[in-house]
Every structure is written in C-alpha cells, then in structure tokens.
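Colleague: Could you take a close look at the backbone of the loops for me, and then show me how that part sits among its surroundings? I would like to know what I can take from the model before I set anything up.

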Amino acid sequence: MPADDAIKNHAAERRLFFLRTLVAGGVLCLLVCVLVSRVMYLQVLRHGYYETRSQDNRMRVQVMPPVRGLIYDRNGVLLADNLPAYRLEIVPEQVDDLDATLDRLGRIVEIRQADRDRFRDRVAKTPRFRGVPIRLNLSQREVARFEVNRGNFPGVEIRAGLTRHYPLGRVAAHLVGYVGGITARDLSLVDDKRYRGSNHIGKSGVEYSYESRLHGYPGSRVVETNASGRSLRELEMHRPTAGESLYLTIDARLQSAAYEALGDNDGAVVAIDPETGGLLAMVSKPSYDPDLFVDGISHSNYKRLISDPHKPLFNRALQGQYPPGSTVKPVMALAGLETASIEPQKKVWCPGYITLPGSDHHYRDWKRSGHGWVDMREALYRSSDVYFYKLALKLGIDNIHRYGAMFGLGEVTGVDLPRENSGIMPSRAWKHGSRNLPWYPGETLNTVIGQGFMTATPLQLAQMTSLIAERGHSFKPHVLRAWKDPASGRINDTVPTPLEPIELKDRRHWQVVIEGMQQVITAPRGTAHHYVGQNLDYSIAGKSGSAQVAGLAQHQAAPDIEDVQRQLRDHALFIAFSPIDQPKIAVAVLVEHGGGGSSVAGPIARKVIDAFRSQPPVLQASARSPR
C-alpha cells in the first residue's frame with residue numbers, strides 16, 4: 001500500500017470542498033443580489049429621475065421670446081422699432097465663480113467696468129435661473145471669438161434677438177416711454193410664464209401703459225445636443241406669438257414741431273383733437289434719450305440725468321402741477337354768466353387794485369394803472385384781474401370750485417398714460433382736510449385768477465380748452481388710436497369715450513366767452529394780438545396766463561423782467577383752439593419761468609397750430625400697412 005493513500009483523508013477533503021463551494025456560492029449569490037438590487041434601484045425605483053437626466057443630456061428646451069409689437073404714429077411713422085442684435089448672457093446659477101468667468105470672458109470680448117456694474121446690478125434684481133446680459137450688440141468678430149471658446153464657458157450663451165430703438169429719440173421720449181430690464185419686482189406684477197426668455201418690459205409712457213398688448217406670448221423649441229451642449233438638430237417647435245403693434249393718435253410731424261417750438265425753454269405742449277379726445281402732440285422739455293434705458297442705463301448716465309437741475313426725466317405735461325393763471329378766466333366768466341352773477345355787457349371799473357372790507361391789503365391787477373371800464377369780453381381779452389376779483393366776490397369759492405371741477409380741474413383726465421397728477425381745484429372742504437384751516441375771502445380772489453392753491457397740469461388745461469372749443473362736449477383724452485392683431489393682420493380702431501357734456505342754462509354764454517377769447521388774438525388791445533395775431537389767415541381763440549412764482553411786497557413796483565432771476569420769473573401759459581367754428585386742435589403751452597404768457601407761450605402755440613394746418617391729410621391707420 002502506498003504511503004500517500006495511508007495518510008489521505010477523503011472525508012475531510014469532501015467537507016473542505018463542500019465548505020468552499022458553499023462559501024463561493026454564498027458570495028456569488030450575494031453579488032447577484034447586489035447586482036439585482038442595483039438594477040432594480042436604477043431601472044425601477046429611479047427610472048424617472050435617470051430618464052430625465054438622460055433626456056437633459058441629449059435634449060434641451062429653449063424658450064423663444066416673442067417679438068415686441070411696434071409703435072407708430074397716426075400716419076404710420078415708426079415711434080418704437082426692433083433692431084437685430086447679439087447679446088452675451090450669463091445664467092448665474094449655472095456659473096460657479098462669476099468673477100472668474102467675467103475675467104476670462106474679458107479676454108474674449110470687450111467688457112468694461114460699466115458693463116460689470118450694470119451686470120451686477122441686474123443680477124441682484126433678476127431670478128438666478130434667468131440669463132442676464134453682460135454685453136449687448138456684439139460685433140460679428142466678437143461673436144466668432146466666443147463661439148470658438150464656447151466650451152470653456154458653461155452657463156454663458158450668445159443670444160440672437162431684437163433690441164428696442166426709438167427713432168424720434170428725445171422728441172417723444174416722455175410720450176412713447178421706454179423698455180428696460182425685467183426685475184424681480186416686475187415679475188411679481190405680471191404672469192411669470194409669459195415672460196420666460198424675455199429681458200425687457202415697458203417702464204414708462206405707452207410702453208408701460210400697453211405692455212400687455214405689446215409683449216406677446218413666448219414659444220419654445222426642443223433641440224438635440226451633444227456632450228458639449230452644442231445644438232445638433234431641432235426636434236420640436238412652438239412658435240411665439242408676436243405682440244400687437246400700436247397706432248397712436250400722435251402726429252410725429254406735429255410732435256417734432258412742438259418740440260422745436262419750445263426751443264431751449266423748460267416746459268410742455270399738449271395738443272388735443274377736440275372731436276375725438278386723441279392727443280395730437282405731447283411734449284415735455286427738457287427730455288432724454290430713451291435708447292439709454294433699453295439695455296440698462298449706465299450708472300454715470302443715470303446719475304447725470306437725476307442730478308440735472310432741469311429734471312429731464314420729469315414729465316411736465318402729465319405730472320407738472322402749475323398755477324394756471326389767467327387761462328382759467330374763460331371758465332370763471334362762464335360761471336358768472338350761468339349763476340347770473342353778472343351780465344356780459346355789465347361794465348366794471350378797474351382802477352388797478354381792489355381791497356376787501358375791513359382790510360387795507362391791495363389785491364392788484366397785473367396792470368398797475370388799471371384797465372378802466374371793462375365788460376366781460378374786454379375783461380377777457382385784456383385779462384383784467386380786478387374784473388374777476390369783483391366777480392369772485394359774487395360767485396364765492398363754492399361756485400368757483402363747482403365750475404372749475406366741471407371743466408376737469410382738480411381731477412385726473414384718465415388719459416391712457418401712467419403717473420398722471422390731478423392738480424388742485426381748491427374748496428372749503430379741500431382746505432379743511434389738507435390744512436385744517438377755514439377758507440378766507442382773499443383766497444377766493446386768488447383762486448378766480450388761477451393763483452393761490454389752484455394748480456393744473458398742461459394736459460388738464462388742454463382738455464379744458466377742448467371743452468370750451470366744443471361748447472361743452474368732449475372725449476376722454478387718449479393716445480391709442482388702433483392696434484394690429486398679429487395673427488390676422490387686422491387693424492382695430494379704438495372707439496373714443498365720450499364724457500358727460502356740460503349743459504349750460506343758456507348756450508349763448510359759450511359764444512360770449514369764445515368771442516372774448518377770439519379778441520385776445522384779434523383785438524388791437526388783446527393781450528396776444530401783437531405776438532400771435534399777426535398775419536393770421538385762419539380763426540383762432542386763445543387766452544394767456546402768467547402764473548406768479550415770487551410775490552411782491554404791497555407797495556413794491558413790478559421790476560423789469562430782465563432784472564428778475566430766471567427761477568423767480570412767472571410761468572408763461574397760453575391756451576388756444578382753431579378754427580373757431582369747427583375746432584380741429586386745442587393747445588395748451590407752459591413755459592417754466594418764461595415770464596409773459598402772451599409774449600413767450602403765445603408764439604409757441606401759434607407755431608404748433610401753424611404746423612398742424614400745414615400737415616398733409618391724416619391717413620387712417622387701417623389704410624396703411626406698416627411694412
């Protein structure tokens with residue numbers, strides 16, 4: 001028997017083999033269980049998550065912002081346009097280190113400190129998932145250089161889009177307004193889904209008032225991408241819906257003429273079509289370049305605008321509240337006739353001042369020597385203050401307030417533009433509520449000549465003039481004339497909103513007042529005859545006003561205008577309408593610290609009406625195709 005067979009233990013070897021097989025089988029089963037569990041986890045439990053991740057790596061949904069509607073004047077002249085532009089955007093949440101990314105980007109395209117400052121400001125006001133532009137209007141060369149290095153800048157994209165442009169610039173800035181970058185506050189006030197992919201929103205003027213019409217609705221497209229994020233092909237697309245294009249009542253040529261007519265003065269011009277209430281022109285000066293705001297105004301430009309003592313951002317036509325001066329005398333004359341406080345032929349002695357019983361305070365006429373005996377028409381065209389002082393004593397503040405309010409003073413007109421102010425048509429209740437003081441008789445005298453507490457906006461004065469021109473009939477002032485449906489291409493005209501007419505007890509009273517206003521221009525002693533009435537070949541009615549800014553001592557003589565500092569001179573005002581029988585235009589002019597209403601504001605009104613009469617016939621919006 002061999003020695004090896006003597007020592008081999010077959011039973012032990014079988015147990016060892018069985019044990020090893022059992023361990024190996026156990027390990028194998030364990031591994032299979034782990035593998036199956038992992039497969040179950042990935043394929044069943046996390047199927048949705050990893051499918052989405054996979055689709056994200058392969059496909060990308062891109063929001064397509066809508067094209068903003070254009071804005072035209074009544075004749076089809078562009079007031080707000082869209083221009084093609086490339087912009088460089090960064091999505092903050094997709095960038096780990098913004099500063100480092102900006103530094104590296106600066107080696108590819110030009111990025112100034114102003115761009116960085118504006119970008120930082122907009123990042124702070126924009127949701128982090130939205131793209132924020134760092135550079136606008138990139139050149140083709142800059143676009144090509146970025147595309148070569150695109151892979152090094154995750155979260156940075158070049159967007160081909162449109163940017164807003166305002167062809168009339170400063171001339172219509174306060175009226176048309178401007179668009180600017182969307183802030184978090186803006187998004188809180190609108191439908192966020194509608195603004196996906198958009199960077200601009202209306203901030204002022206028509207751009208703000210009609211934002212919902214102009215903006216449109218976004219679309220989207222699904223694209224297949226490679227590992228570096230580059231688009232390979234388009235899989236699906238939903239086109240955006242463009243915003244509606246608007247046609248305004250404004251005449252661009254008249255708007256430019258009014259802007260030029262104001263010259264270097266600070267002030268406003270408002271012209272209204274009395275037959276519809278449509279604004280023909282609305283100018284506030286000084287003005288600003290609205291293009292500066294479109295893609296984010298720089299800090300230095302904004303600081304320059306807000307620190308300008310002439311306040312170019314202030315819309316004087318809508319927000320400026322000025323004493324209307326003698327421009328309200330036609331309304332006060334109507335109040336006197338309607339309340340039977342005076343007859344139109346009644347002569348009143350004007351010695352140059354008036355005193356109240358129990359007081360030696362002199363309420364002076366603008367003409368210190370007085371006008372002598374004047375009736376209502378003469379009191380209007382010579383602008384006698386004393387005549388209206390005496391009328392005020394018969395009317396009382398209650399009637400003065402009632403008739404002023406009937407002509408819209410002290411109330412917003414409701415024009416379809418933002419941030420309109422109401423002015424003040426004072427009354428006993430107003431003074432008690434705002435000052436907690438009683439009404440004094442001397443304040444009634446100041447009110448009847450448009451001074452004291454009374455203030456009005458140039459738009460209100462234009463609307464008041466329109467009411468007189470149309471003998472009590474008027475429409476709510478508006479600037480939208482029509483809009484174009486982007487789907488059908490149909491142009492829809494707006495319907496003017498008529499206001500409650502002013503019904504006088506005797507319609508002949510309109511004629512008395514209008515004759516007095518006509519003689520302001522035509523009578524040799526009319527206050528505006530020399531400045532407005534020369535070489536006229538059409539009919540016009542008007543009224544001048546000079547609103548006192550600085551008071552004089554009781555016995556102080558009025559100084560020459562040239563000896564008064566500019567900021568202490570009276571505000572110059574003038575209202576007018578033409579032609580008298582079938583009015584087509586009503587105008588209000590304000591010149592801050594201009595001095596005389598007739599000599600300074602009157603010629604501006606004349607230039608505006610001359611320009612209106614010389615313009616070609618108005619085209620219907622629906623008769624003209626914009627492009």
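Modeller: Happy to! Helices here are DSSP runs of H or I with at least four residues, strands are runs of E with at least two, and both are numbered from the N terminus. With those names in hand, Lys311 can be placed in the loop between α13 (299–306) and α14 (316–319). Please keep in mind that this is a predicted model. Its mean pLDDT is 89, and 91% of the residues reach 70 or more.

Back to Lys311: its phi is near 50 degrees, a positive value in a residue other than glycine. Lys311 counts as exposed because its relative accessibility is 52%, and the cut-off for that class is over 50%.

Arg419 offers a second case, with a positive phi of about 65 degrees although it is not a glycine. This residue is found in the loop between α17 (385–406) and α18 (428–435). At 45% relative accessible area, Arg419 is classed as partly exposed.

Next come the cis peptide bonds. One runs from Lys285 to Pro286, with omega near 5 degrees, and Pro286 belongs to the loop between β12 (279–285) and α12 (291–294). Another joins Ser578 and Pro579, where omega is about -15 degrees; Pro579 is placed in the loop between β20 (571–578) and β21 (585–591).

Thr455 is a loop residue of another kind. It lies between α19 (441–448) and α20 (458–469), and its relative accessibility of 14% makes it buried. Setting aside neighbours within four places in sequence, Thr455 contacts Gln321, Tyr322, Pro323, Pro324, Gly423, Ile424 and Gln460.

Now for the helices. α15 (residues 329–338) packs against α21 (residues 508–522) at an angle of about 150 degrees, and the two axes are 10 Å apart. The crossing of α15 over α21 is right-handed. On the α15 side, the contact is made by Pro330, Ala333, Leu334, Leu337 and Glu338, and on the α21 side by His509, Trp510, Val512, Val513 and Met517. By character, the residues of this contact are eight nonpolar, one polar and one charged.

Helix α21 also carries Gln519. Gln519 is partly exposed, at 26% relative accessibility. Beyond four places in sequence, Gln519 touches Arg377, Tyr381 and Gly526. For a sense of scale, the C-alpha atoms of Gln519 and Val123 are 61 Å apart, with these positions 396 residues apart along the chain.

Helix α23 (residues 597–614) lets you check the geometry yourself. Its 18 residues, at 1.5 Å a residue, should span 26 Å, and the end C-alpha atoms are 25 Å apart, so the two values agree. The buried residues in α23 include Ala601, Ile604, Ala605, Val608, Ile609 and Phe612, and Arg606 is among them too.

One caution before you set anything up. Over residues 620–627 pLDDT stays under 50, and the model has 20 contacts for this stretch beyond four places in sequence. Where pLDDT is low, the predicted coordinates should not be read in detail.

Technical notes
Residues numbered from 1 in each chain as written. Predicted model: local features only at pLDDT ≥ 70, side-chain atom pairs only at ≥ 80, totals over all residues. Heavy atoms only, no water. Axes fitted to C-alpha atoms, helices over the stretch in contact; angles between N-to-C directions. Left-handed = near helix turned anticlockwise from the far one by under 90°. Contact = heavy atoms within 4.5 Å. Nonpolar A, V, L, I, M, F, W, Y, C, P; charged D, E, K, R; others polar. Buried < 20%, exposed > 50% of the residue type's maximum accessible area, 1.4 Å probe, protein only. pLDDT = per-residue confidence, 0-100. Expected span 1.5 Å × (residues − 1).
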